[in-house]
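Let's take a walk through this structure together. Have the sequence and the 3D view at hand as you read.

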Amino acid sequence: MHKKRLVIVSKPRFITFLIIVFLFLMILINIALNNDKVYSSTYTKRYKEIIVDRGDTLWTIAKNNKKNGEDIRKIIHNIKEINDMDSVLIKPGDIIKVPILK
């Protein structure tokens, strides 16, 4: 029985194919290893909603809602994460979620 050999007809086309397959595999691996938090009914972190007043900053809101010994910077980070905020800028009338810490 004679073995058939595969022949690459077009090297640029084959290299393009390999790159596409590699990128596709990298995307699948990234999706599989993505460990971001998923908010669902089983997610235990709770929050309360606060309406921003004139003169409020994330710093003052975090300070007013912290427990003794907690780092305000960590609370601000959590507030930004829960509210999907890119900056700390807030304005009167905004409704923001503040974590209820146990």
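On helix α3, the face turned away from the buried side carries the exposed residues R73 and K74. Here, buried means under 20% relative accessible area, exposed means over 50%, and partly exposed is in between (1.4 Å probe, protein chains only). Helices (H or I, at least four residues) and strands (E, at least two) are DSSP runs, numbered from the N terminus. Keep in mind that this is a predicted model, where local features need pLDDT of at least 70 and side-chain atom pairs count only at pLDDT 80 or more, while totals for chains, interfaces and linings use all residues. Residues are numbered from 1 along each chain as its sequence is written, and side-chain values use heavy atoms, with hydrogens and water left out.

Now turn α3 around. This helix covers residues 72-82, and its buried residues are I72, I75, I76, N78, I79 and I82. Seen down the axis of α3, these buried residues fall within an arc of 160 degrees, so they line one face of the helix; the arc is that of the directions from the helix axis to the C-beta atoms. Here's the background: an α-helix has 3.6 residues a turn, so residues three or four places apart point the same way. What lies over that buried side? The cover includes α2 (58-64) and β2 (95-100).

Those elements turn up again in the largest nonpolar core, which has 13 residues. Such a core is a set of buried Ala, Val, Leu, Ile, Met, Phe, Trp, Tyr and Cys residues joined through side-chain atoms within 4.5 Å. The elements giving it two or more residues are α2, α3 and β2, and the largest share, four residues, comes from α3. Residues with the most contacts inside this core include I61, I79 and V98. Take V98: leaving aside residues up to four places away in sequence, V98 touches R46, Y47, K48, I50, I61, N65 and I79, where a contact means heavy atoms within 4.5 Å.

Just past α3, have a look at D84. It sits in the loop between α3 and β2, and its phi is near 55 degrees, a positive value in a residue other than glycine. For context, most residues other than glycine have a negative phi. D84 counts as exposed, because its relative accessibility is 67%.

How many salt bridges does a search of the whole structure find? There are two, counting a side-chain nitrogen of Lys or Arg within 4 Å of a carboxyl oxygen of Asp or Glu. In one, the side chains of R73 and D71 meet at 3.0 Å, N to O. R73 is exposed, at 58% relative accessible area, whereas D71 is partly exposed at 38%. In the other, D94 and K91 meet through their side chains at 3.5 Å, N to O. D94 is partly exposed at 23%, and K91 is exposed at 51%.

Finally, step back to the whole chain. It has three helices and two strands, in the pattern α-β-α-α-β along the sequence. Of its 102 residues, 18% count as buried. As for confidence, the mean pLDDT (the predictor's confidence in each residue, from 0 to 100) is 85, and 86% of the residues reach 70 or more.
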